[in-house]
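Hi,

Here is the structure I promised to pass on. Have a look at it first, and my notes come right after.

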Amino acid sequence: MSSHAGAVSQLVDRLSQLPGIGRKSAERLAFHLLRVREDEALALADAIRRVRTDVRYCANCYNLSEKELCQICSDPNRDATRLCVVEQPRDLLSLEASGAYKGLYHVLLGRIAPLDGITPDQLTIDSLVERVRTGTFTEIIMATNPTVEGDGTSLYLSNQLSEFPVEITRLARGITAGSVLEYANREIIADALTGRQKL
Ligand SMILES: [Zn+2]
């Protein structure tokens, strides 16, 4: 890389730190950005800046949002009797894309993973419990990923919520154990939702 001008080699360095981008891809991207129209390249820089300055977590459900409350929480047409618990905002996106769910969400921002040092207090569990305590929910749907840690997290949550008069369900196992919600297709997610079972 020593033959590249400083700015180019800095960009290649930055890009190669992104997940899934090796050195070769980083070089390809950098030269692509040098080739396209200047406004196109700068639009990417702008999008990165905006996502970091304008996007935050919804104060209610921890979905990504540009306002205090996300679009879903501020939509009066959503079914406020159902609450679907997911690990990450991208899981919420997968469920939304299926079009099969009209209730509200709660994003944990992770899963309990003792081996990685992730304990319940690092997730948004306290505010989940508070929402169930004060909300109008009759069903809580566990949509954590079908992994050992995802299942463990569901189990932990259903214990935490057992004192409330809500039915606790989980997605049907149409999604193969170990696969990740994020990559499942629409039909599978819709099936998993309609076939949900009591936990
Ligand atoms: Zn929200």
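Below is what I found, starting with the metal site and moving on to the strands and helices. Keep in mind that this is a predicted model.

First, the zinc. The ion is held by the SG atoms of Cys58, Cys61, Cys70 and Cys73, at 2.3 Å. Along the chain these donors follow the pattern C-x2-C-x8-C-x2-C. The angles between the four donor atoms run from 104 to 115 degrees, so the arrangement is tetrahedral; the cut-off for that is all angles between 85 and 135 degrees. Two of the ligands are well covered by the numbers: Cys61 is buried with a relative accessible area of 2%, and Cys70 is buried at 1%.

Asn63 is worth a click too. This residue sits in the loop between strand S1 (56–57) and S2, and it is buried, because its relative accessible area of 9% is under the 20% cut-off. Leaving out residues up to four places away in sequence, Asn63 touches Arg56, Tyr57, Cys58, Cys70, Ile72, Pro89, Leu92 and Val107. Cys58 and Cys70 from that list are also zinc ligands, while Pro89 and Leu92 are among the buried residues of helix H4.

Now the strands. S3 and S4 pair in parallel over five bridges, with Val86 opposite Val107 of S4. Going from S3 to S4, the chain passes through H4, and this β-α-β crossover is right-handed. S3 also runs parallel to S5, joined to it by four bridges; here Cys84 stands opposite Ile141 of S5.

H4 spans residues 89–98, and its buried residues are Pro89, Asp91, Leu92, Ser94, Leu95 and Ser98. Their cover includes strand S2 (64–65), S3, S4 and helix H7 (186–194). After H4 comes Gly99, with a positive phi near 70 degrees.

Last one: which residues of helix H5 (125–134) are buried? They are Ile125, Leu128, Val129, Arg131 and Val132. Viewed down the axis of H5, the buried residues fall within an arc of 160 degrees, so they line one face of the helix. That fits the usual geometry: an α-helix has 3.6 residues a turn, so residues three or four places apart point the same way. Asp126 and Thr134, on the other side of H5, are exposed. The buried residues of H5 are covered by elements including strand S3 (79–86), strand S4 (103–107), strand S5 (139–142) and helix H6 (148–160).

Cheers

Notes:
Residues are numbered from 1 along each chain as its sequence is written. This is a predicted model: local features need pLDDT of at least 70, side-chain atom pairs count only at pLDDT 80 or more; totals for chains, interfaces and linings use all residues. Side-chain values use heavy atoms; hydrogens and water are left out. Donors are N, O and S atoms within 2.8 Å of the metal (3.2 Å for Na, K and Ca); water is not among the atoms, so sites may look incomplete. Four donors count as tetrahedral if all angles lie between 85 and 135 degrees; four count as square planar and six as octahedral if opposite donors are over 155 degrees apart and all others between 65 and 115; anything else is irregular. Buried means under 20% relative accessible area, exposed over 50%, partly exposed in between (1.4 Å probe, protein chains only). Helices (H or I, at least four residues) and strands (E, at least two) are DSSP runs, numbered from the N terminus. The arc is that of the directions from the helix axis to the C-beta atoms. Contact means heavy atoms within 4.5 Å. Two strands pair if DSSP finds at least two bridges between them. A crossover is right-handed if, with the strands pointing away from the viewer, the path from the first strand over the helix to the second runs clockwise.
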